[in-house]
Amino acid sequence: MPTLTLAGGSRLVYGDSGTGTPLLLVHGSPAEGRAWGRVARHLAPGFRVLTPDLPGYGASDALAAAAAPGTAAMAAAVGALIAAMDEPVWVCGHSYGGNVALHAA
C-alpha cells in the first residue's frame with residue numbers, strides 16, 4: 001500500500017485504486033481504510049479511490065506525542081494527503097470520518 005510521510009515523520013498508509021478524479025474516503029472509528037472495500041469496488045471504475053488508514057488506525061503510524069490531539073490532527077493528516085494529490089479531490093467520510101473530512105475541507 002502507498003504511504004505518505006507526515007510532518008513529524010509518521011507514515012499515513014492508504015489504498016489507491018481506480019482511475020479518474022480522486023475520491024478520498026475517510027473511515028470512522030475504530031475502523032481502517034479497508035472498511036470501504038465493498039464501496040470502493042463500485043467507485044473505482046470512475047474515480048481514483050483513496051482509502052487512508054487514519055493515524056493510529058490500521059497500518060498507519062500513531063501521531064507523535066507532540067502533535068495536537070483529536071480531530072484537528074486527523075484532519076491535518078487527511079489534508080496532507082489531499083495536498084499530495086495536487087489536483088481537486090472529492091472527500092467523503094463515514095461517522096467520525098465525516099467529522100474528520102469536514103475539518104480537512
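Mentor: Let's start with a word we'll need: a residue is buried when its relative accessible area is under 20%. And keep in mind that this is a predicted model.

Trainee: Okay, so what makes strand β3 largely enclosed by the rest of the structure?

Mentor: Count the residues that pass that cut-off. In β3, residues 21-26, 5 of the 6 are buried, so the strand is largely enclosed.

Trainee: Why is T51 called buried?

Mentor: Set its value against the cut-off: T51 has 10% relative accessibility, and buried means under 20%. T51 therefore counts as buried. This residue lies in strand β4. Leaving out residues up to four places away in sequence, T51 touches V13, Y14, G15, L25, G33 and W36.

Trainee: How do you know that β3 and β4 pair?

Mentor: Pairing takes at least two bridges between the strands. β3 and β4, residues 47-52, have 4 bridges, in the parallel sense. For instance, L23 has V49 of β4 as its bridge partner, and L24 stands opposite L50 in β4. Between the two strands the chain passes through helix α1, residues 37-43, and this β-α-β crossover is right-handed.

Trainee: What joins β3 to β5?

Mentor: Again 4 bridges, with β3 and β5 (residues 90-93) running parallel. There, V26 stands opposite G93 in β5.

Trainee: What is the strand order in the sheet, and why are β1 and β5 at its edges?

Mentor: The sheet is open, with 5 strands in the order β1-β2-β4-β3-β5 and mixed pairing. β1 (3-5) and β5 each have a single partner strand, so one side of each is left without a neighbour in the sheet. From one strand to the next, the twist averages 30°.

Trainee: Where do the helices α2 and α3 sit on the sheet?

Mentor: α2 lies across β1, β2 (11-17), β3, β4 and β5, and runs at about 170° to β3. α3 packs on the sheet too, touching β3 and β5, and its direction makes about 150° with that of β5.

Trainee: Why are α2 and α3 called roughly perpendicular to each other?

Mentor: Their axes cross at roughly 65°, and 65 to 115 degrees counts as roughly perpendicular. The label therefore fits α2 and α3. Those axes, of α2 (residues 71-85) and α3 (residues 96-104), come within 8 Å, and the crossing is right-handed.

Trainee: Which residues make that contact?

Mentor: From α2, T71, M74, A75, V78, G79 and I82; from α3, Y96, N99, V100, H103 and A104.

Key:
Residues are numbered from 1 along each chain as its sequence is written. This is a predicted model: local features need pLDDT of at least 70, side-chain atom pairs count only at pLDDT 80 or more; totals for chains, interfaces and linings use all residues. Side-chain values use heavy atoms; hydrogens and water are left out. Buried means under 20% relative accessible area, exposed over 50%, partly exposed in between (1.4 Å probe, protein chains only). A crossover is right-handed if, with the strands pointing away from the viewer, the path from the first strand over the helix to the second runs clockwise. Axes are lines fitted to C-alpha atoms, for helices over the stretch in contact, and angles run from 0 to 180 degrees between N-to-C directions. Angles under 35 degrees count as roughly parallel, over 145 as roughly antiparallel, 65 to 115 as roughly perpendicular and the rest as oblique. A crossing is left-handed if the near helix is turned anticlockwise from the far one by less than a right angle, and right-handed if clockwise. Contact means heavy atoms within 4.5 Å.
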